[in-house]
Amino acid sequence: MINDVHCHFFSSRFLELLAPTAGTADDIAARLEWDAPGTATELGDRWVAELDRHGVSRAALIASIPGDAASVAEAVAHHPHRLIGFFMHNPGAAAADATLDRSLRELNMRGICLFPAMHGYRLDDPLVEEVFRAASTHHAVVFVHCGVLSVGVRKKLGVPSRFDLRLGDPLALARVALGFPDVPVIVPHFGAGFLREALIAADQCPTIHFDSSSSNNWLRFFPGMTLEAVFKQALAVVGPTRLLFGTDSSFFPRGWQRPIYEEQNRILRAVTARDADRDRVFGDNFDTLFSE
């Protein structure tokens with residue numbers, strides 16, 4: 001069984017919010033050489049067909065810009081047994097509390113995605129504690145991007161990306177997360193360059209999970225480091241129950257990134273002989289966090 005905890009839902013609304021002066025969603029998609037997303041329902045149907053094609057059971061779809069949770073909610077409503085919804089949230093934005101409550105209460109989102117480097121707040125800010133408090137109330141997870149942050153679609157469209165990478169510190173995240181022991185936390189990309197700090201944070205805080213998504217290009221900042229060594233170290237520190245498979249798949253026609261799965265499957269077979277451990281990483285841990 002394969003479940004993917006990290007896929008981006010690049011809806012028509014996402015494109016319009018990202019580049020509001022660049023024309024319609026179809027215009028922007030054409031500029032990017034992507035397929036036009038169509039309606040949220042159509043894009044959700046396409047995602048499910050793509051998952052079927054690759055034998056993927058369930059996936060988390062991320063509304064990848066604040067204000068687009070409704071698009072993911074629409075797709076999830078049509079495929080509740082296959083898709084779960086995450087949404088990007090800026091706790092420092094106007095009416096953030098109302099947006100958070102609506103996304104969790106009315107739209108039934110299951111994951112709150114924080115990007116502190118993008119939106120300019122510290123992870124130990126009281127605003128983040130309010131996010132964790134809401135997650136606790138609504139039985140949601142908190143997904144926190146730490147470390148290196150590079151968004152390819154923003155570069156292609158010339159959208160400014162003045163990210164403050166100092167703000168994505170896993171150690172600050174651990175301090176807050178320790179206060180909410182019922183809230184699972186997901187740190188993508190093994191901390192995206194903050195591997196040491198992420199491992200220390202996860203060792204201190206048992207609610208912190210890692211996702212394995214993307215090509216993990218942050219490895220280029222660590223001469224001699226391999227993804228195999230990263231998996232081995234992560235398994236040694238957090239064990240097989242706190243590691244979740246993800247691809248960081250996003251737009252079509254590229255679709256679901258099977259080469260990432262194949263490489264990580266090869267690596268996991270190399271670093272652990274236990275079938276049960278691989279089953280946990282590729283599927284069981286997802287189902288534990290997101291029971292239907």
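## A helix pair

In this predicted model, helices H9 and H10 cross with a right-handed sense. H9 spans residues 170-177 and H10 covers residues 195-204; their axes come within 8 Å and cross at roughly 15°. The two helices are therefore roughly parallel to each other, since angles under 35 degrees count that way.

Who makes the contact? On the H9 side, Pro170, Leu171 and Ala174 take part, and they meet Glu197, Ala198, Ile200, Ala201 and Gln204 of H10.

## The nonpolar cores

Let's turn to the interior. The largest nonpolar core has 72 residues, and those with the most contacts inside it are Trp47, Phe132, Leu173, Phe190, Ile208, Phe210 and Trp256. Helix H11 (residues 227-238) gives the most to this core, contributing six residues. Another core, of 19 residues, lies apart from it, with Val5, Cys113, Leu149 and Phe163 among its members.

Phe132 is worth a look in the viewer. Leaving aside residues up to four places away in sequence, Phe132 touches Val142, Leu173, Val176, Ala177, Phe180, Val183 and Val185.

## Two cysteines without a bond

How many disulfides does the structure hold? The count is zero. Cys7 is in no disulfide, and the nearest cysteine sulfur, that of Cys113, is 12 Å away.

Why is Cys113 not bonded to Cys7? A disulfide needs two cysteine sulfur atoms within 2.5 Å, so the 12 Å from the sulfur of Cys113 to the closest cysteine sulfur, in Cys7, is too far for a bond. As for their surroundings, Cys7 counts as buried because its relative accessibility is 0%, and Cys113 is buried with a relative accessible area of 0%.

Key
Residues numbered from 1 in each chain as written. Predicted model: local features only at pLDDT ≥ 70, side-chain atom pairs only at ≥ 80, totals over all residues. Heavy atoms only, no water. Buried < 20%, exposed > 50% of the residue type's maximum accessible area, 1.4 Å probe, protein only. Core = buried A, V, L, I, M, F, W, Y, C linked by side-chain atoms within 4.5 Å. Helix = DSSP H or I, 4+ residues; strand = E, 2+ residues; numbered from the N terminus. Contact = heavy atoms within 4.5 Å. Axes fitted to C-alpha atoms, helices over the stretch in contact; angles between N-to-C directions. Parallel < 35°, antiparallel > 145°, perpendicular 65-115°, else oblique. Left-handed = near helix turned anticlockwise from the far one by under 90°.
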